[in-house]
Amino acid sequence: MRVSNEYTLRIVPTAADLARSAADVVSETIRDKPDAVLALPTGSTPLGMFTELARRARAGTTDFSRTRFFCLDEYLGVSKEDPNSLTGWLFREFFTPAGVSAAHVHTVPSEPADAEAEAQAYEDTIIRAGGLDLAVLGIGANGHIAFNEPGSARDSRTRVLDLTPESRDQAAAYWQGTFPAPSRAMTIGVGTLLDAAKIVLMASGEAKAGILHAALRGPISPAVPASLLRPNPEKLIVIADAAAARDL
Ligand code: F6R
């Protein structure tokens with residue numbers, strides 16, 4: 001483990017180690033504060049962490065019965081029942097297998113009548129819950145965190161934004177069904193994430209090595225949104241497997 005004046009960096013050998021290490025941060029957060037408020041990502045990176053956390057929940061070693069959850073982001077125009085829904089994905093991969101009550105899960109409005117008002121309401125709900133105790137994040141190939149695309153401001157809040165062609169391509173690779181991958185999403189903002197008591201940024205695989213290096217060692221700039229998490233020595237824990245940490 002390396003502690004710098006900008007973040008704590010844990011480099012672990014494999015993706016399986018990354019899953020356990022990130023799951024440990026979640027379990028410790030809940031052990032210290034059973035009714036903690038967590039924000040969770042979707043994607044390939046956190047899959048192993050969710051499998052491990054669901055296993056711990058079934059084994060009774062991590063108790064999510066009082067934990068409150070916020071989904072990080074969602075495509076606009078995609079209902080929760082749609083196979084492409086990020087919310088639906090979180091229920092399939094984590095909430096349901098971990099036995100988390102749907103009453104404890106806040107989902108990003110995906111079909112808002114008034115996007116601005118509903119984004120503000122989501123932000124207000126986080127504040128009313130006491131703020132995030134832990135935000136768990138992956139990093140996109142273009143450096144996005146949640147769906148805060150390049151150009152996102154450090155003080156941005158929950159909002160609707162246009163996805164970049166890179167993020168649309170990333171979504172299209174998994175997309176099922178007849179209509180094309182959407183071009184807009186609602187996301188928790190960078191500022192909302194920075195207000196969390198603790199932030200875990202996960203990166204796995206060689207394909208993330210370049211962007212992780214840019215995020216941690218490059219200029220702090222909205223051009224690479226993950227870099228905006230720095231400097232944050234008290235809050236930010238970066239967990240990377242050896243392949244993603246290749247250039248660090
Ligand atoms: C999705 C999210 C995104 C992903 C990022 C990495 O809810 O928040 O920021 O974390 O796109 O995705 P994977 O892990 O699939 O490489």
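**View 1. Ala-146 meets the ligand through its backbone.** A backbone N or O atom of Ala-146 lies 2.7 Å from an oxygen atom of the ligand. This is a predicted model. Look for Ala-146 in the loop between strand S7 (134-137) and strand S8 (159-162). Its phi angle deserves a glance too. Phi of Ala-146 is near 50°. That is a positive value in a residue other than glycine.

**View 2. Ser-44 and Gln-170 also make polar contacts with the ligand.** Ser-44 uses a polar backbone atom, 2.8 Å from an oxygen atom of the ligand. Gln-170 uses its side chain instead: a polar atom there is 2.9 Å from a ligand oxygen. How much of the ligand's accessible area does the protein cover? On its own, the ligand has 410 Å² of accessible area, and the protein covers 93% of it.

**View 3. A shell of 14 residues surrounds the ligand.** The closest are Thr-45, Asp-73, His-144, Ala-146 and Lys-208. Ala-146 is the residue of the 2.7 Å backbone contact. Which classes of residue make up the shell? Eight are polar, four are nonpolar and two are charged.

**View 4. The largest pocket holds the ligand.** The volume of this pocket is about 710 Å³. Its lining counts 31 residues. Which of them lie nearest the centre of the pocket? They are Thr-42, Gly-43, Ser-44, Gln-170 and Tyr-174. Two of these names should be familiar. Ser-44 contacts the ligand through its backbone, and Gln-170 does so through its side chain.

**View 5. Helices and a strand help to line the largest pocket.** Three elements each supply at least two residues of the lining: strand S5 (73-75), helix H3 (86-95) and helix H5 (165-172). Trace each one along the chain. By class, the lining has 15 nonpolar, 13 polar and three charged residues.

**View 6. A cis peptide bond joins Arg-230 to Pro-231.** Omega for this bond is near -15°. Where does Pro-231 sit? Find helix H7 (209-217) and strand S11 (236-241); Pro-231 is in the loop between them.

Conventions:
Residues numbered from 1 in each chain as written. Predicted model: local features only at pLDDT ≥ 70, side-chain atom pairs only at ≥ 80, totals over all residues. Heavy atoms only, no water. Near = heavy atom within 4 Å. Polar contact = N/O pair within 3.5 Å; in protein donor to acceptor, adjacent residues only side chain to side chain. Areas by Shrake-Rupley, 256 points an atom, 1.4 Å probe, with all protein chains shown as cover. 1 Å grid on protein atoms, 1.4 Å probe; cavity = no way out; pocket = protein on both sides within 12 Å on 5 of 7 lines; lining within 4 Å. Sits in = over half its atoms within 2 Å of the grid points. Nonpolar A, V, L, I, M, F, W, Y, C, P; charged D, E, K, R; others polar. Points joined across faces, edges and corners; volume = space filled by probe spheres on them. Helix = DSSP H or I, 4+ residues; strand = E, 2+ residues; numbered from the N terminus.
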